[in-house]
Amino acid sequence: MSRRDFYDDSKILRIKNLEDLLNEETLSLENKYFLTNKIIGEYEKYSFDRALDYIEKNISVAQNIGDINFEKESRLKLAKLLVTSGRYKEAIDVLNTIRRPELPEKLLNLYYFIFKEGYSGLSFYTSVKRIKTNYSQLYTIYQDSLLQRLDPNSDESLALVEKGFRDQRDIERALKVNSQRLNKVKPSTPKYSLITFERSLLFELIGDIEKQKKFLILSAISDIKASVKDNASLTVLAMIYFREGDIERAHKYIDFSVEDAELFNSKLRFVNISNTLSVISKAYEEKSLEQQKELKKMLIFISVLALFLVITIVYIYRQIKRLSSARKSLKDANNQLQNLNKKLQLTNADLNRLYNELSDSDRIKEQYIGTFLNLYSDYINKLDTYRKMVRKYIVSNKTKSLLELTKSKQLIDNELNIFYENFDKSFLHIYPNFVEQFNNLLKEDKRITIKDSNCLNTELRIFALIRLGISSSSKISKILRYSVNTIYNYRVKVKNNALNRNDFEDMVKKIS
């Protein structure tokens, strides 16, 4: 719980990187659609409002592309967001705008799932018996339709089977199915949080409170690490500790849950939390009042004791005053000596640090200045040679040959190769271990091998520029004379081969 900001910052950074890519002007509409889908996935359990905003944007993008399946997929994502946040009627209204026969095969499972969840929620929260029965029947119809389509070994199918056993109170078989699901997922993921939460429900039904708490705690930890704000584990856990008399812990957990619910903006979660919050807050206030009364009694006792101690201290002080004065003088002299010694150590450390920084800075500057001057001098000589050659062709009235010469890209290709060669040598001179450290960030079977230790290939040059602080794909494309899409594809390809894909480029920037 204390590291919540750390996990949230990591998610925000991932979202920001995606949004930066989305804002690139050269991005095609199709790529914009897929990138927006990734951003929706990040926001889906983090912020309802932001997820809703991006879904609506993606519907517009799909309409601009003219792809009706993209538009239907985005509308299903909208319905799913609404149903998972407790807006059941709105979700079903969205689904009713989609004609089922026109849906592609791959979207039908999601279509049935949203209908099932929507009618399940409406049935649970409806008080009118006739309407409740109707909703329950519709829920059963869509659940059966979904089960017929699902792979029996898929998590979605197993979850429905587990729920059936749970509703029948066949806890032993439900636990076996839940264990099968749990073995397929990794901790710190939304799916792990959900499965452990559902496992806690099974232990609640058989009255095993300790195991219920264990899996609620695992679910809550997973929610926090995955930055899932639409969660329920801590609220249930708070109520259990409240019933056990641990009011302080219960109050801490319910406050934490309220902060998450406010960030996500889930009406359903607010409704579920509100009753628990009022009960726990009232008990917490009553306990605080009792503690205040006890503190007042203790304060009176401490005041009497303090008066006695003051009298005793005054007596003792008079006895040791002379000895204290001598010790104080000695202590002051010793403290001054220690302070001077610390200042001297800090000064030496600063001087060493500054010396090292200046040495590194001078080395890099000398390398860059020398390379720049050599290149500049070479280009002046080449321009002069080219000028004389053009003059010679004109004087000799060989304009046709001159025109043919200018059509050739050989000169540009030669200069580009020289540029690459100079860039590689200069960069590897400053960062001689770059290739080795770069490969250490990749999976062992995906590491890059170069034929010449003094030359870089295209992937390495792209990330060499990123190491130098040039992160924009458009700027890199101008320097290396590739298209923006080519640069983007190289970056994505290499990142997919990284040991840690999310932090890969940040780790490249730290290569020394």
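Two residues are in contact when heavy atoms lie within 4.5 Å. Keep that cut-off in mind for this predicted model.

Start with L76. Setting aside neighbours within four places in sequence, L76 is in contact with L95, I98, L103, L107, L110, Y111 and I114. L76 also has a special place in the largest nonpolar core, which holds 42 residues. There, L76 and Y119 touch the most other members. Which helices supply this core with at least two residues each? They are helix 1 (4–22), helix 2 (29–43), helix 3 (48–65), helix 4 (68–84), helix 5 (88–95), helix 6 (105–125) and helix 7 (129–149). Helix 6 gives the largest share, 8 residues. Another core lies apart from this one. That core has 28 residues, including L416, Y420, L456 and A464. In soluble globular proteins, nonpolar side chains tend to be buried together.

Now turn to R166, in helix 8 (residues 155–167). Is R166 buried or exposed? R166 counts as buried because its relative accessibility is 14%, and the cut-off for buried is under 20%. Beyond its neighbours within four places in sequence, R166 is in contact with A174, E198, L201, L202 and L205.

Finally, look at the surface. M298, F301, I302, L305, F308, L309, I313 and Y317 make a nonpolar patch there of about 840 Å². One of them, F301, lies in helix 14 (residues 267–395). F301 has a relative accessible area of 54%, so this residue is exposed; the cut-off for exposed is over 50%.

How values were computed. Residues are numbered from 1 along each chain as its sequence is written. This is a predicted model: local features need pLDDT of at least 70, side-chain atom pairs count only at pLDDT 80 or more; totals for chains, interfaces and linings use all residues. Side-chain values use heavy atoms; hydrogens and water are left out. Helices (H or I, at least four residues) and strands (E, at least two) are DSSP runs, numbered from the N terminus. Buried means under 20% relative accessible area, exposed over 50%, partly exposed in between (1.4 Å probe, protein chains only). A nonpolar core is a set of buried Ala, Val, Leu, Ile, Met, Phe, Trp, Tyr and Cys residues joined through side-chain atoms within 4.5 Å. Patches are made of residues with over 30% relative accessible area and no salt bridge: like charges are joined within 9 Å, nonpolar side chains (Val, Leu, Ile, Met, Phe, Trp, Tyr) within 5 Å. Accessible areas come from the Shrake-Rupley method with a 1.4 Å probe; for residues, only the protein chains shown count as cover. A salt bridge is a side-chain nitrogen of Lys or Arg within 4 Å of a carboxyl oxygen of Asp or Glu.
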